[in-house]
Amino acid sequence: MAKKDYYEILEVKKTDSEETIKKNYKKLALKYHPDKASEDKKKEYEEKFKEINEAYTTLSDKEKKRKYDMGGSGGFTQDSSSRGRQGGFSDIFEDLLRGSGFHGGFQEEQEDLDLHYQITIEFTEAVFGCEKELSIKKDIPCKTCNGTGSKDNKFETCKTCNGQGRINKTQTTPWGTMRRTVTCNECNGEGKITKDKCKNCNGSGTENSKEKIKIKIPKGIDNGQTIRVRGAGNASKNNQTGDLFLEIQVKPHKIFKRDGFDIYIKFPVTFARAALGGEISIPTLTKEVKVKLAKGTESGAILRLKEHGIPFINNPYQTGDQFVEIKVETPKKLSKAQIKLFKELEKLDEES
Ligand SMILES: [Zn+2]
Ligand SMILES: [Zn+2]
């Protein structure tokens, strides 16, 4: 892939100041924001938007910029720490989204109800799938008030927003005056206020709880993949629930290595077996498989056992392969009888 010119992407010169780069980034990010694209241009805008962000991630970071100027790549995709979690990039980015109102209406102020957990499973559990019980701490709807936050379930209309739950706000931003609608703080967007708060949850409508949840992990899952369990996240006052994201960590196996849905192993054979060929018995994920080794097999030869790999996660009818690398072992300890035979072999080698 050709290296992208980040300066070109941001329409700046190498000598331009931080300020100019920032200004151009804002301008371009705003121009190419995917939310602004018409249906047929969406893909193009998305690509462009990504490119702009990638360029800015590098050029806004002194250290990354220095490396890039010296000829290194931006490293945006590999280096997860550069994904805008820290530093100027994220600040501006969030500014941008907020200020411009791109995120539309009220979503931006919605509470994040999603939960993130991690679980470590055995190699074979990942291959064949499994069920795991997970203990999680989360907010559930308050049992005393059924999530309403009210002691007696009596409410009156919020005066701040006149029961609308939203209020209009005018804001001055670098791009001009923006009018936007935000959630009413007084009633948290509900448009009503309880006279008597529930004592158990102090009106929040939720309580913290330790829950056990059973999760089915599909066969074929790989290290680092995430399972999303809809509705298993935190609850909020209006009985809304977030999702649970479970990241799967897979322990390495003693002999099997995995790449995608294929399995790799190294299999030792003796000198004699390699030279003479014959049947060998190779471990696979499910059983031992007998394979005929050709005469004169060399160390490093690869055998392919079709469909002895890992089942495809989204396709039960497809399975990866197993690749077996033959390792011819040179004997280190020899018995007297073996020494005698090897010496005879050597003599024959010299004669031929
Ligand atoms: Zn309550
Ligand atoms: Zn209100």
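Ser150 is buried, with 21 other C-beta atoms within 10 Å. In this predicted model, Ser150 is found in the loop between β2 and β3. Leaving aside neighbours within four places in sequence, the contacts of Ser150 are Cys145, Phe155, Thr194, Asp196, Lys197 and Cys198. A further relation across the sequence links Ser150 to Gly203: 53 residues separate the two along the chain, while their C-alpha atoms are 6.0 Å apart in space.

The loop that holds Ser150 also contains Asn153, which lies between β2 (130-141) and β3 (155-157). Asn153 is not a glycine, yet its phi is positive, at about 65°. In contrast to the buried Ser150, Asn153 is exposed, with 12 other C-beta atoms within 10 Å. A positive phi is also found at Asn162, again a residue that is not a glycine, with a value of about 55°. Asn162 is placed in the loop between β3 and β4 (166-173). Asn162 is exposed, and 11 other C-beta atoms lie within 10 Å.

The chain as a whole has 8 helices and 17 strands. Of its 352 residues, 21% are buried. Among contacts between residues at least 6 apart in sequence, 62% join residues at least 24 apart.

Two of the helices, α2 and α3, pack against each other. Helix α2 comprises residues 18-31, 14 residues in total, and reaches 20 Å from its first C-alpha to its last, close to the 20 Å expected at 1.5 Å a residue. The buried residues of α2 are Ile21, Asn24, Tyr25, Lys26, Leu28 and Ala29. Helix α3, formed by residues 42-59, has 18 residues and reaches 25 Å between its first and last C-alpha atoms, close to the 26 Å expected at 1.5 Å a residue. Burial in α3 is found at Phe49, Ile52, Asn53, Ala55, Tyr56, Thr57, Thr58 and Leu59.

The axes of α2 and α3 are 10 Å apart and meet at an angle of about 165°. The two helices are therefore roughly antiparallel to each other. The crossing of α2 past α3 is left-handed. On the α2 side the contact is made by Ile21, Tyr25, Leu28 and Ala29, and on the α3 side by Phe49, Ile52, Asn53, Tyr56 and Leu59. By residue class, the contact of α2 with α3 divides into 8 nonpolar, 1 polar and no charged residues. The residues that α2 brings to the contact, Ile21, Tyr25, Leu28 and Ala29, are among the buried residues of that helix. Likewise, Phe49, Ile52, Asn53, Tyr56 and Leu59 of α3 are among the buried residues listed for α3.

Helix α2 is also approached from the segment that precedes it in the chain. Glu11 lies in the loop between α1 (6-9) and α2. Apart from neighbours within four places in sequence, Glu11 is in contact with Asn24 and Leu28, both of them buried residues of α2. The C-alpha atoms of Glu11 and Leu28 are separated by 8.9 Å, with their positions 17 residues apart along the chain. Glu11 itself is partly exposed, with 15 other C-beta atoms within 10 Å. Leu28 thus takes part in contacts with Glu11 and in the contact of α2 with α3.

Further along the chain, Ile265 lies in strand β11 (residues 262-270). Ile265 is partly exposed, with 17 other C-beta atoms within 10 Å. When residues up to four places away in sequence are not counted, Ile265 touches Ile255, Phe256 and Val324. Val324 is 59 residues from Ile265 in sequence, and the two are 5.1 Å apart in space, C-alpha to C-alpha.

His308 is found in the loop between β14 (302-305) and β15 (311-312). His308 is buried, with 21 other C-beta atoms within 10 Å. Not counting residues up to four places away in sequence, His308 touches Ile263, Thr284, Leu285, Val289, Asp321 and Gln322. The C-alpha atoms of His308 and Gly320 are separated by 6.4 Å, and the two residues are 12 residues apart along the chain.

Technical notes: Residues numbered from 1 in each chain as written. Chains lettered and ligands numbered in written order. Predicted model: local features only at pLDDT ≥ 70, side-chain atom pairs only at ≥ 80, totals over all residues. Helix = DSSP H or I, 4+ residues; strand = E, 2+ residues; numbered from the N terminus. Expected span 1.5 Å × (residues − 1). Buried ≥ 20, exposed ≤ 12 C-beta atoms within 10 Å, placed from the backbone. Axes fitted to C-alpha atoms, helices over the stretch in contact; angles between N-to-C directions. Parallel < 35°, antiparallel > 145°, perpendicular 65-115°, else oblique. Left-handed = near helix turned anticlockwise from the far one by under 90°. Contact = placed C-beta atoms within 7 Å. Nonpolar A, V, L, I, M, F, W, Y, C, P; charged D, E, K, R; others polar.
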